[in-house]
Amino acid sequence: MKWRQENVIVFVLCSNLPSCVFISGSRMTAAILCLLLAGPVLLVAGSPVYKSDNGTVPLVLWHGMGDSCCNPLSMGAIKKMIEEDIAGIYVLSLMIGKNVIEDTENGFFSDVNEQVSTVCSQLAQDPKLKGGYNAMGFSQGAQFLRAVAQRCPSPPMKNLISIGGQHQGVYGLPRCPGESSHICDMIRKALNNGAYTDLMQKHLVQAQYWHDPLNDDLYKKHSRFLADINQERAVNETYKKNLQLLEKFIMVKFLQDTVVDPVDTEWFGFLKTGQAKETETLQDSVLYKEDRLGLAAMDKAGKLVFLASAGDHLQFTREWFNPHNSFLSH
């Protein structure tokens, strides 16, 4: 990992990605915070694995941070793979911005609520989606698509597939390739101390799903995005009703995830409030017991699907994915 101070441009060579990602921003500190939160792109081994026996349901993809809609080594390859394997399928890989550069930057520096609103408008204006669509979100793109399901039921989202999504947020930093752990700790403290300021909540994407279990009241009061979609302040019955319209909500957790902390968030679990060591499952949470989002009802109806992969963040093989791909045909 190398940093160039000139023009506040950051050059990052991901440890498992033979390409470069350029991020520009107004402050080097913000860039470092965001880039340390970024994980590797999805790696798929082998030939295409997406199969459909029941026609072609449109598919909407939302990439993770540090990626873009059309990166030929990640989302672009996935989109092409699906289109080649399912004849006639319409795949929309969301671009947040006017071009790939803006799309990548907006994964770090923008208002998530505005992104969701923009995507809702885009989907509503797309005639190919009017009959419904499946949605697949990668990393932070997963919780963003869940917000779409809760806020924008038209056109209808049929199935939501969350690939390593952080549905209860994060409270930690990923590994720091080439850097020592104390730097990660220092930056984590900086984000934690400033995550709930108006500036960070408006402009730093990762701050908008930063979930501090040690400052629960602060999180609930000032989290502009995550606390809202997770019904932390009040129960929005529309959110609850809309989410339950899903046929399936599939959540994939990566058992060796070194990027997402805590990893339980990928199955909607999290750290118990008031401490930062012990975790609880979704089923043990107040959110589930009070059914504030309708997840308990969905679970009882068999609409929640919990899948696990032995790999690191966003890494799985054809052999793992092939038995679990039937949801793309519904």
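Is N230 buried or exposed in this protein? In the predicted model examined here, N230 has a relative accessibility of 1% and therefore counts as buried, since buried residues are those under 20%. The residue is placed in the loop between α9 (226-229) and α10 (237-243). When residues up to four places away in sequence are not counted, N230 touches R146, H167, Q168, F268, L287 and L293.

The setting of this residue can be described through the protein as a whole. The protein has 330 residues, of which buried residues make up 54%, and its secondary structure consists of 13 helices and 13 strands. Among the contacts with a separation of 6 or more, 72% are accounted for by residues that lie 24 or more positions apart. The area that the protein exposes is about 13,900 Å², and 53% of this area is supplied by carbon and sulfur atoms.

The packing of one pair of helices was then considered. Two packed helices are described by the angle between their axes and by the distance between those axes. For helix α4 (residues 112-124) and helix α5 (residues 140-151), the axes come within 10 Å and cross at roughly 60 degrees, which means that α4 is oblique to α5. The crossing of α4 and α5 is right-handed. On the side of α4, the contact is made by V112, N113, Q115, V116, V119, C120 and L123, while α5 contributes F144, A147, V148 and R151. Divided by character, the residues of this contact between α4 and α5 comprise eight that are nonpolar, two that are polar and one that is charged.

Within this contact, A147 was examined individually. This residue is placed in helix α5 and, with a relative accessibility of 0%, A147 counts as buried because buried residues are those under 20%. Once its neighbours within four places in sequence are left aside, A147 is in contact with V116, C152, F225 and I229. One of these partners, V116, is also among the residues through which α4 makes its contact with α5. Although A147 and V116 are 31 residues apart in sequence, they are 6.9 Å apart in space, as taken from C-alpha to C-alpha.

Taken together, the two residues described individually both count as buried, N230 at 1% relative accessibility and A147 at 0%. Their places in the protein are, respectively, the loop between α9 and α10 and helix α5.

Key. Residues numbered from 1 in each chain as written. Predicted model: local features only at pLDDT ≥ 70, side-chain atom pairs only at ≥ 80, totals over all residues. Heavy atoms only, no water. Helix = DSSP H or I, 4+ residues; strand = E, 2+ residues; numbered from the N terminus. Buried < 20%, exposed > 50% of the residue type's maximum accessible area, 1.4 Å probe, protein only. Contact = heavy atoms within 4.5 Å. Areas by Shrake-Rupley, 256 points an atom, 1.4 Å probe, with all protein chains shown as cover. Axes fitted to C-alpha atoms, helices over the stretch in contact; angles between N-to-C directions. Parallel < 35°, antiparallel > 145°, perpendicular 65-115°, else oblique. Left-handed = near helix turned anticlockwise from the far one by under 90°. Nonpolar A, V, L, I, M, F, W, Y, C, P; charged D, E, K, R; others polar.
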